[in-house]
Every structure is written in C-alpha cells, then in structure tokens.
Amino acid sequence: MSKLYRIGELSRESAVNLETIRYYERIGLLHKPARNASGYRSYQAGDVRRLSFIRRGRELGFSIDELRTLLELADHPH
C-alpha cells in the first residue's frame, strides 16, 4: 500500500504552500483528494509529483492555463 499524505506533509514534500494547494484544488489543477473518516484530505505520491511539476512550471514562467494544458496532455496522452 502506498503512503498517504495529509495536506501539511504534502506541502512539505512538494514545497508548495497550503493555501496554494487548496487553490489548485479549487481551480482543478490538482484533483480533489479523498478524505479519511475524520475529514482530513488524503493525498498520494502522485499528488506530490503533480504539485512538484506545477511548482517547477510556475518557476519557469508557465501560466496556469499553460500548465492546465500540459497536465491534461499528461492525464490523457491519446
């Protein structure tokens, strides 16, 4: 079974601010996570990679819309 991350752990692993993570969820760059019985968000390793990709893309100057397009291509390569 793969490791599950809470939002604070995801933030540390990806070097992305908590509020930025929530923002990316709201605008659809990051998929809405499952929630555990206590209501906490549960993220997976793929979410760490996705957020790291988004962060690096922003550092390189890509816009949100450009990143959205790149992520859609990665999600649906056909």
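**Figure 1. Buried residues across the whole chain.** In this predicted model, 31% of the 78 residues of the chain count as buried. A residue earns that label when its relative accessible area is under 20%. The accessible surface of the chain adds up to about 5400 Å², and carbon and sulfur atoms contribute 51% of it.

**Figure 2. The overall fold and its dimensions.** Four helices and two strands make up the secondary structure of the chain, and along the sequence they follow the pattern α-α-β-β-α-α. The C-alpha atoms fill a box of roughly 35 × 30 × 20 Å along the principal axes. The radius of gyration is 13 Å, which agrees with the value near 12 Å for a compact globule with 78 residues. Among contacts with a separation of 6 or more, 49% come from residues 24 or more positions apart.

**Figure 3. The buried side of helix α2.** Which residues of helix α2 are buried? Within this helix, which spans residues 18–27, they are Ile21, Tyr24 and Glu25. These residues lie on the same side of α2 because they cover an arc of only 105° around the axis. What do the buried residues of α2 pack against? Their partners are three helices, α1 (7–14), α3 (45–59) and α4 (64–75), together with the strand β2 (41–42).

**Figure 4. The two ends of helix α2.** Here we look at how the helix begins and what comes after it. At the N-terminal end, Asn17 acts as a cap for α2, with a side-chain oxygen 2.7 Å from the backbone nitrogen of Glu19. Beyond the other end of α2 comes Gly28, which has a positive phi, near 90°.

Methods
Residues are numbered from 1 along each chain as its sequence is written. This is a predicted model: local features need pLDDT of at least 70, side-chain atom pairs count only at pLDDT 80 or more; totals for chains, interfaces and linings use all residues. Side-chain values use heavy atoms; hydrogens and water are left out. Buried means under 20% relative accessible area, exposed over 50%, partly exposed in between (1.4 Å probe, protein chains only). The arc is that of the directions from the helix axis to the C-beta atoms. Contact means heavy atoms within 4.5 Å. A polar contact is a pair of N or O atoms within 3.5 Å; within protein, one must be able to donate a hydrogen and the other to accept it, and residues adjacent in sequence count only if both atoms are side-chain atoms. The radius of gyration is taken over C-alpha atoms; the globule rule is 2.2 Å times the number of residues to the power 0.38. Accessible areas come from the Shrake-Rupley method with a 1.4 Å probe; for residues, only the protein chains shown count as cover.
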